[in-house]
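Biologist: Please show the model, and let us then discuss how its helices are arranged.

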Amino acid sequence: KPLTLAKEGGAQLGLSHSYSRTKVKFNVNRMDNMVIQAIALIDQLDKDINTFAMRVREWYGYHFPEMVRLVNDNYQYCQLIGLIKMRKNLTAPTDELLEAMEKVVMDSAKTQAICDCARASMGMDISEFDLINIEIFAKKVISLADYRKKLQQYLSDKMSNVAPSLAALIGDVVGARLISHAGSLTKLAKYPASTVQILGAEKGLFRALKTKG
């Protein structure tokens, strides 16, 4: 009799574990983990892309320093490196090159200004080997930026499934950051308004308290 009770107890325990595992697996609220990871990766990518783009600008800037101030957008700058290559190609540019450059910068006057600056540039000459390495790095930055766009779309899709109301109110990125700061969507939902108000501004809050500002 005690053996039968022990077996029954073991069976009940096994069944309860199995049931709990199934509930955890299909819990919609746990999908917010994907949102937290996505927004963390987007933030990391933004930092990395900016750092790498600065390195590209400095590297190619030795050869064509004037283009740094003409093209502010990092993505466009990296694309132009792949099109222009050596600065001397802009001395007598082909129609195809001008058309491709105009498509990137979306401004014919800026394209002409780049060509004019190239003819009177003070930059140093570089070898083909140097240029190949700069191009490879610029392509890596472009691919990272492209991946960031895809990740943004993924986050948008996830937010529309996990927290559609929050996304509609404050947008995908800010909504995802709130979930990330709170730790989960359930925790965020249980927070009082005063806590939500200061989420992500802890440093500013304590600085204001400390300086009586």
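The exchange below treats helix packing, burial and backbone angles in turn.

Biologist: On what basis are residues numbered and values computed?

Modeller: This is a predicted model, in which local features need pLDDT of at least 70, side-chain atom pairs count only at pLDDT 80 or more, and totals for chains, interfaces and linings use all residues. Residues are numbered from 1 along each chain as its sequence is written, and side-chain values use heavy atoms, with hydrogens and water left out.

Biologist: At roughly what angle do the axes of α5 and α6 cross?

Modeller: Helices here are DSSP runs of H or I with at least four residues, numbered from the N terminus. Axes are lines fitted to C-alpha atoms over the stretch in contact, with angles from 0 to 180 degrees between N-to-C directions. The axes of α5 (residues 95–105) and α6 (residues 108–119) come within 8 Å, and the crossing angle is roughly 125°.

Biologist: Which orientation class do α5 and α6 therefore have?

Modeller: Angles under 35 degrees count as roughly parallel, over 145 as roughly antiparallel, 65 to 115 as roughly perpendicular and the rest as oblique. With a crossing of roughly 125°, α5 and α6 are therefore oblique.

Biologist: Which residues of α6 meet α5?

Modeller: Contact means heavy atoms within 4.5 Å. From α5, the participants are Leu98, Met101, Glu102 and Val105. Their partners in α6 are Ser108, Lys110, Thr111, Ile114 and Cys115.

Biologist: Is threonine 111 buried or exposed?

Modeller: Threonine 111 lies in helix α6 and, leaving aside neighbours within four places in sequence, is in contact with Leu98, Met101, Glu102 and Val105. Buried means under 20% relative accessible area, exposed over 50%, and partly exposed in between (1.4 Å probe, protein chains only). Because its relative accessibility is 2%, threonine 111 counts as buried.

Biologist: Which helices do the buried residues of α4 pack against?

Modeller: Helix α4 spans residues 74–84, and its buried residues are Gln76, Tyr77, Cys78, Leu80, Ile81 and Ile84. These buried residues pack against α2 (32–61), α3 (66–70), α5, α6 and α7 (128–162).

Biologist: What is the relative accessible area of leucine 80?

Modeller: Leucine 80 lies in helix α4. Leaving aside neighbours within four places in sequence, its contacts are Met67, Val71, Lys85, Met101, Val104, Val105 and Ile114. Leucine 80 is buried, with a relative accessible area of 0%.

Biologist: What is the approximate phi of lysine 85?

Modeller: Most residues other than glycine have a negative phi. Lysine 85 lies in the loop between α4 and α5 and is partly exposed, at 32% relative accessibility. Although lysine 85 is not a glycine, its phi is positive, at about 60°.

Biologist: Which residue in the loop between α5 and α6 has a positive phi near 55°?

Modeller: The residue in question belongs to the loop between α5 and α6 and is exposed, with a relative accessible area of 67%. Its phi near 55° is a positive value in a residue other than glycine, namely methionine 106.

Biologist: How is α7 oriented relative to α9?

Modeller: The axes of α7 and helix α9 (residues 172–182) come within 10 Å and cross at roughly 70°. That crossing makes the orientation of α7 to α9 roughly perpendicular.

Biologist: Which residues of α9 make this contact with α7?

Modeller: On the α7 side, the contact is made by Gln152, Leu155, Ser156 and Met159. On the α9 side, the residues are Asp172, Val173, Gly175, Ala176 and Ile179.

Notes
Helix = DSSP H or I, 4+ residues; strand = E, 2+ residues; numbered from the N terminus.
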